[in-house]
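Hi everyone, thanks for making the time today. I'd like to walk you through a structure that is new to most of us, so please have it open as we go.

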Amino acid sequence: MSRQYYIAGNWKMHKTRAEAAELAKTLVSQLKDGKHKYLVAPSFTSLETVAAIVKGSNILLGAQNVAAEEQGAHTGEVSVLQLKDLGVQVVILGHSERRHTYKEDDALINKKVKLALKHGFDVILCIGETLEEREAGQAEVVCESQTLWGLSSVSATDLAKVTIAYEPVWAIGTGKTASPEDAEAIHAYIRKVIARLYGEDAAQKLVIQYGGSVKPDNAAQLMDKENIDGALVGGAALKPDTFVPIAKFA
Ligand code: PEP
């Protein structure tokens, strides 16, 4: 079964509106003939600006997080309703920085996943083990558990709106990339977990991105692997010079 490659850029807490606009305009122009599926996820403050630029292009608009509640007294949070109002189509959830720096646990992430799906968003659910867990031989167990928790009570119909991003924590922003073989092993394992839960057909359709120091010079080798269907890119997504070659990898 052929899955479409999906390349996403997570801009994290970078860029003013003017800087975000400049990057978005360049990407719209340079990726217009790109063959894969694309997404950019700017900071909340730049979503409206970037929405106007990517509208009608082949680049989807993503948010980097969302609140677990629909609305109400939640100082500092941003709701699904507000994101929908801005034209956001995809929400990234469970990013390792949310899990580890901001202590989001699996139950909270699952609540966010279900709320985002209920409101019609696509979701990129991030999973991944720490270095300590990998060295203890726990990588598969951790990734399986985060997948099971993240997708708890998610229907087969809604699974079609979910992408999983395998992002080993030790490879994010560190310059260390998982070898294509190590990444492929976890991707294949996750696909088996999905097959057990939702059946083989759903598992074959699921797009699983790799994230963790993806660069122009390692993108093609990673995505050459059977179960690696795209990339979630952090640092290299901040400049067209590095993101465009990843997005147009051959
Ligand atoms: C990320 O933030 O999801 C990520 C993979 O970052 P980087 O590409 O910088 O490692």
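**A walk from the strands to the ligand**

Let's begin with strand β1, which is covered on both faces: Y6, A8 and N10 on one side are buried, and so are I7 and G9 on the other. Before I go on, please keep in mind that this is a predicted model. Those two groups of residues fit a general pattern: in a regular strand, side chains alternate between the two faces of the sheet. Strand β1 runs over residues 6-10, and because 5 of its 5 residues are buried, the rest of the structure largely encloses it.

Which strand does β1 pair with? Its partner is β2, residues 37-41, and the two pair in the parallel sense over 5 bridges. If you want a spot to look at on screen, find A8, which stands opposite L39 in β2.

Now let's move along to strand β5, residues 122-127. Here 5 of the 6 residues are buried, so β5 is also largely enclosed by the rest of the structure. One neighbor is β4, residues 90-93, which pairs with β5 in the parallel sense over 4 bridges. In that pairing, V90 stands opposite D122 in β5. Strand β5 also pairs with β6, residues 162-166, again in the parallel sense, over 5 bridges. There you can find V123 opposite V162 in β6.

Next, a word on cysteines. As a reminder, a disulfide is a covalent bond between the sulfur atoms of two cysteines. How many disulfides are counted here? The count comes to 0. Take C126: the closest cysteine sulfur belongs to C143 and is 11 Å away, and because a disulfide needs the two sulfurs within 2.5 Å, that is too far for a bond. C126 is buried, at 1% relative accessibility. C143 is in no disulfide either, and C143 is buried too, with a relative accessible area of 0%.

Let's turn to the ligand. Which residues come nearest to it? There are 14 residues around the ligand, and the nearest are K12, E167, G173, S213 and G235. By type, this shell divides into 4 nonpolar, 8 polar and 2 charged residues.

We have already met one residue that takes part here, N10, found in strand β1. Is N10 buried or exposed? At 5% relative accessibility, N10 counts as buried. An N or O atom of the N10 side chain is 3.5 Å from an oxygen atom of the ligand. A polar atom in the side chain of N10 also lies 3.0 Å from the backbone nitrogen of K12. K12 reaches the ligand as well, with a side-chain N or O atom 2.6 Å from a ligand oxygen. At G173, a polar backbone atom is 2.6 Å from an oxygen atom of the ligand. Taken on its own, the ligand has 290 Å² of accessible area, and the protein covers 96% of that.

Last stop: K225, in the loop between α11 (219-223) and β8 (230-233). K225 is partly exposed, with a relative accessible area of 25%. How far is K225 from S213? They are 12 residues apart in sequence, and 17 Å apart in space from C-alpha to C-alpha. That's my tour, and thank you for listening.

Note on methods. Residues are numbered from 1 along each chain as its sequence is written. This is a predicted model: local features need pLDDT of at least 70, side-chain atom pairs count only at pLDDT 80 or more; totals for chains, interfaces and linings use all residues. Side-chain values use heavy atoms; hydrogens and water are left out. A residue is near a molecule or strand if one of its heavy atoms lies within 4 Å of it. A polar contact is a pair of N or O atoms within 3.5 Å; within protein, one must be able to donate a hydrogen and the other to accept it, and residues adjacent in sequence count only if both atoms are side-chain atoms. Accessible areas come from the Shrake-Rupley method with a 1.4 Å probe; for residues, only the protein chains shown count as cover. Ala, Val, Leu, Ile, Met, Phe, Trp, Tyr, Cys and Pro count as nonpolar, Asp, Glu, Lys and Arg as charged, and the others, Gly among them, as polar. Buried means under 20% relative accessible area, exposed over 50%, partly exposed in between (1.4 Å probe, protein chains only). Two strands pair if DSSP finds at least two bridges between them.
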